[in-house]
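Biologist: Before we discuss individual features, may I see the sequence and the model together? I should then like to learn how each kind of feature is to be read.

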Amino acid sequence: MSVYQPTVHIVDDDISFLAAISRLLQAGGFAVKPFSSARDFLAQRDADAPGCVLADLQMPGMNGLDLQSALAQTPNPLPILFLTGHGDIPSTVRAMRGGAEDFLEKRAPKEKILDAVKRSLTRNSCERESRARQNELRAQFDALSKRELQVLAHVVQGRLNKQIAADLGIHERTVKLHRTAITTKLGVQSVAELTRVTLQAGIFTASKLTFPKGQ
């Protein structure tokens, strides 16, 4: 994986403000990339680069809230914070419910803006580490066979071997062999640890914890 410098992506259609906030952040020691529209940013961004987005709320075409929604659908949803001269309560509520790091007025003190940027970059670092860990775990789960996944779904529900055997229509000894294979492939020692890594990997949703019999 390539090594990137965390970057503050600034998106604002006000060219003079875009230049001013870029200078402020650069003076604060941040790497910045300015964009005059949300669409330009989405088209030109490096999909795997770390950082955050500092966006205006009201912009022609795709506004800040639309940008926030679009980012949330990407594999690398950078934290977003808003700087706006046209804030209102409904927009603030929608932004914060959508996971915005902060919602500030453009005239906010520079210390408050710099602090919000620092928090956004720290959040991005933590989220990237979490996603990397989840991807590593999922790669380990990819080594499990379909039958092992079926057994695993029952194990993490706390079911006994004899219950799993009856539900899947297999021998209890076979269940034990599958459980041994599962813990070996995943490198875990206990049911508690197995359950933890399964949840971390996001392998099963609440509606997919049980699998059909047979196969």
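Modeller: We begin with contact, which means heavy atoms within 4.5 Å. Please bear in mind throughout that this is a predicted model.

Biologist: Which residues does Pro50 touch, not counting residues up to four places away in sequence?

Modeller: By that cut-off, Pro50 touches Tyr4, Gln5, Pro6, Thr7, His9, Leu78, Asn124 and Arg128, with residues up to four places away in sequence not counted. Pro50 itself is placed in the loop between α2 and β3.

Biologist: Is Pro50 buried or exposed?

Modeller: Buried means under 20% relative accessible area. Pro50 has a relative accessible area of 8%, so it is buried. As a distance for orientation, 21 Å separates the C-alpha atoms of Pro50 and Leu137, which lie 87 residues apart along the chain.

Biologist: How should one read burial along a helix? Which residues of α3 are buried?

Modeller: One lists the buried positions and then considers their directions around the axis. In α3, residues 64-72, the buried ones are Gly64, Leu65, Leu67, Gln68 and Leu71. These residues lie on the same side of α3, because the arc they cover around the axis is only 155°. Their cover includes β1 (7-11), α2 (38-44), β3 (51-55), β4 (80-84) and α4 (89-97). At the start of α3, a side-chain oxygen of Asn63 comes to within 3.1 Å of the backbone nitrogen of Leu65.

Biologist: Which residues are buried in α7, and which are exposed on its other side?

Modeller: Helix α7 spans residues 161-168, and its buried residues are Asn161, Ile164, Ala165 and Leu168. The arc they cover around the axis is only 100°, so they fall on the same side of α7. Lys162 and Ala166 are exposed on the other side of the helix. The buried residues of α7 pack against α6 and α8 (172-186). Just after α7, Gly169 adopts a positive phi of about 70°.

Biologist: How is a buried polar side chain to be read? With what does the side chain of His154 make a polar contact?

Modeller: One first establishes burial and then looks for partners. His154 belongs to helix α6, residues 146-155, and it counts as buried because its relative accessibility is 0%. Its side chain makes a polar contact with the side chain of Asp167 at 2.9 Å. In addition, a polar atom of the His154 side chain lies 2.8 Å from the backbone oxygen of Gln150.

Biologist: Which backbone oxygen does the side chain of Thr198 reach?

Modeller: The side chain of Thr198 reaches the backbone oxygen of Leu194 at 2.7 Å. Thr198 lies in helix α9, residues 191-201, and with 4% relative accessibility it counts as buried. Not counting residues up to four places away in sequence, Thr198 touches Phe141, Leu152, Val156, Ile203 and Phe204.

Biologist: Finally, how does one read enclosed space? Which residues line the largest cavity?

Modeller: One considers the count, the volume and then the lining. The model has one cavity of 30 Å³ or more, and the space in the largest cavity is about 30 Å³. Its lining consists of Ile10, Val11, Asp12, Phe17, Ile21, Leu54, Ala55, Asp56 and Leu83. The elements giving two or more residues to this lining are β1, α1 (15-27) and β3. By character, the lining residues comprise seven nonpolar, no polar and two charged.

Notes
Residues are numbered from 1 along each chain as its sequence is written. This is a predicted model: local features need pLDDT of at least 70, side-chain atom pairs count only at pLDDT 80 or more; totals for chains, interfaces and linings use all residues. Side-chain values use heavy atoms; hydrogens and water are left out. Buried means under 20% relative accessible area, exposed over 50%, partly exposed in between (1.4 Å probe, protein chains only). Helices (H or I, at least four residues) and strands (E, at least two) are DSSP runs, numbered from the N terminus. The arc is that of the directions from the helix axis to the C-beta atoms. A polar contact is a pair of N or O atoms within 3.5 Å; within protein, one must be able to donate a hydrogen and the other to accept it, and residues adjacent in sequence count only if both atoms are side-chain atoms. On a 1 Å grid over the protein atoms alone, a cavity is a set of points where a 1.4 Å probe fits but cannot get out, and a pocket is an open set with protein on both sides within 12 Å along at least five of seven lines; lining residues have an atom within 4 Å of a point. Grid points are joined across faces, edges and corners, and a volume is the space filled by probe spheres set on the points. Ala, Val, Leu, Ile, Met, Phe, Trp, Tyr, Cys and Pro count as nonpolar, Asp, Glu, Lys and Arg as charged, and the others, Gly among them, as polar.
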